[in-house]
Structures are given as C-alpha cells and as structure tokens.
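These are my notes from a session with one structure, written down in the order in which I looked things up.

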Amino acid sequence: MNLRIIAALLALLASGSVWAQQNPGQPGAIPLPAGPVTGTAPAAPPSSQQTGPVGAPSLKGPSPELRAAYDEAFKLSMQNPSDPPTLAKFAELAIQVGDIEGAISALERLLLIDGDQADVKLELGVLYYRLGSLEAARMYLESARASKQASAEVKERVDTFLKAMPKK
C-alpha cells in the first residue's frame, strides 16, 4: 500500500474515526453501536464534546472554527480528488461536523485509489450503519473482515458491529 495512504489512514483512524469518537477514553475499545440514525434526532444523548456521536451533531452544531476547517478541507478535496491525505482529512472533518455522506464519499474515493484497505472498509461500514443503510454497512464490514490487510483489531470491531446488526 502506498505510504501516503497509510499515513492518511492512520491519522484518520487515530483522531476522527467513527469508532474513535464513540469511545475516546478507551483506545481500541468500541461500544455496541447506538443504532442507525433516523431523521435529525440524535442517536444518543449529546456528549460534552462539541459534536455528538457520528450522525448526531450536538444541539450547538460545529464551532465556527471547525466549520471553516471543514469548508477548507472540502475545497481542497475538490481540487485534489485523488490525494489520500486530503481525502482522509476531509473525511475526518466531515465526521466531526456530522456530514456522514461527505465522509462516505471521501472514503469511497480512497478505496478507488487502493481497494483493499480494511480500515477504510470498516469505517465505511460503521458510517453506513449510522445512516441506517444496513445492507451497505454489512457489505463493507464483511469485506473489511475478509481483507488480507485486516488486523485482529479490525476483525474484532467488524464482528462487534455485525453482531449488533439485525439479521437479514
């Protein structure tokens, strides 16, 4: 895998990923999913952070600084649509502001660059799960688990989400 992609993914997964935001105090641990997001109501009670769980921004919304960073990252992602660090940074900020569809778009572009990125597939599965697109979530999660690049940690997280999902 390209070193730029690896560096971008590590930054995304360490700081802005869905599962990192769900349990920031315990690296490597992931709670059971809160469930798909429906409408604009939060999927879980707002946290003390500026934004709540993915798909459920806090009632305050993103700070002006975060919104400006997101807008700049969006602009850069449009100018450099195949640059992994740019895409990863945009996905991270999109998650923070609650733009799940934007994060999905950026992560899917990362898969177009290198299609066997287990961490990206895991993140996409979680994002689709949060949107309520369970079939897409299941597809990405199963693909992440089957990836030759999937670490034991990725497989464990995949299994956590798959077990929490309703059966077909």
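The entries below go from the whole chain to its helices and then to two single residues.

**Entry 1: confidence.** I began by noting that this is a predicted model, and I therefore looked up the confidence before anything else. The chain averages a pLDDT of 76, and 65% of the residues score at least 70. I marked residues 19–58 for caution, since pLDDT stays under 50 over that stretch, although the model has 76 contacts there beyond four places in sequence.

**Entry 2: the chain as a whole.** I found eight helices and zero strands, so that, read from the N terminus, the order of elements is α-α-α-α-α-α-α-α. Of the 168 residues in the chain, 47% are buried. I also looked up how far apart in sequence the contacting residues lie: among contacts between residues at least 6 apart, 59% join residues at least 24 apart.

**Entry 3: helices H3 and H4.** I turned to H3, residues 64–79, and H4, residues 84–97, which pack at an angle of about 145 degrees with their axes 9 Å apart. The crossing in which H3 passes H4 is left-handed. On the H3 side I listed Leu66, Arg67, Ala69, Tyr70, Ala73, Phe74, Leu76 and Ser77, which meet Thr86, Leu87, Phe90, Leu93, Ala94, Gln96 and Val97 in H4.

**Entry 4: phenylalanine 90.** I followed this residue further; its place is in helix H4. Is phenylalanine 90 buried or exposed? Its relative accessible area is 2%, and because the cut-off for buried is under 20%, I recorded phenylalanine 90 as buried. Leaving aside residues up to four places away in sequence, phenylalanine 90 touches Tyr70, Ala73, Phe74, Ser77, Asp99, Gly102, Ala103 and Ala106. For tyrosine 70 I noted the spacing as well: it is 20 residues from phenylalanine 90 in sequence, and 6.7 Å from it in space, C-alpha to C-alpha.

**Entry 5: helix H5.** I checked the length of H5, where 14 residues at 1.5 Å a residue should span 20 Å, and the end C-alpha atoms are 20 Å apart, which agrees. The buried residues of H5 are Ile100, Gly102, Ala103, Ile104, Ala106, Leu107, Arg109, Leu110 and Leu111; Gly102, Ala103 and Ala106 had already come up as contacts of phenylalanine 90.

**Entry 6: helix H7.** The same kind of check on H7, residues 134–146, gives an expected span of 18 Å for 13 residues, and the end C-alpha atoms are 18 Å apart, in agreement. Ala137, Arg138, Tyr140, Leu141 and Ala144 are buried in H7. Against which helices do the buried residues of H7 pack? I found H5 (100–113), H6 (118–131) and H8 (152–164).

**Entry 7: helices H6 and H8.** These two pack at an angle of about 20 degrees, with their axes 10 Å apart. Angles under 35 degrees count as roughly parallel, so I wrote H6 down as roughly parallel to H8. Their contact is made by Ala118, Asp119, Leu122, Val126 and Tyr129 of H6 together with Val154, Arg157, Val158, Phe161 and Ala164 of H8. H6 passes H8 in a left-handed crossing.

**Entry 8: lysine 148.** My last stop was the loop between H7 and H8, where lysine 148 lies. Its relative accessibility is 83%, and lysine 148 therefore counts as exposed. Lysine 148 and glutamine 117 are 31 residues apart in sequence, while their C-alpha atoms are 8.9 Å apart in space.

Notes:
Residues are numbered from 1 along each chain as its sequence is written. This is a predicted model: local features need pLDDT of at least 70, side-chain atom pairs count only at pLDDT 80 or more; totals for chains, interfaces and linings use all residues. Side-chain values use heavy atoms; hydrogens and water are left out. pLDDT is the predictor's confidence in each residue, from 0 to 100. Contact means heavy atoms within 4.5 Å. Helices (H or I, at least four residues) and strands (E, at least two) are DSSP runs, numbered from the N terminus. The expected span of a helix is 1.5 Å times one less than its number of residues. Buried means under 20% relative accessible area, exposed over 50%, partly exposed in between (1.4 Å probe, protein chains only). Axes are lines fitted to C-alpha atoms, for helices over the stretch in contact, and angles run from 0 to 180 degrees between N-to-C directions. Angles under 35 degrees count as roughly parallel, over 145 as roughly antiparallel, 65 to 115 as roughly perpendicular and the rest as oblique. A crossing is left-handed if the near helix is turned anticlockwise from the far one by less than a right angle, and right-handed if clockwise.
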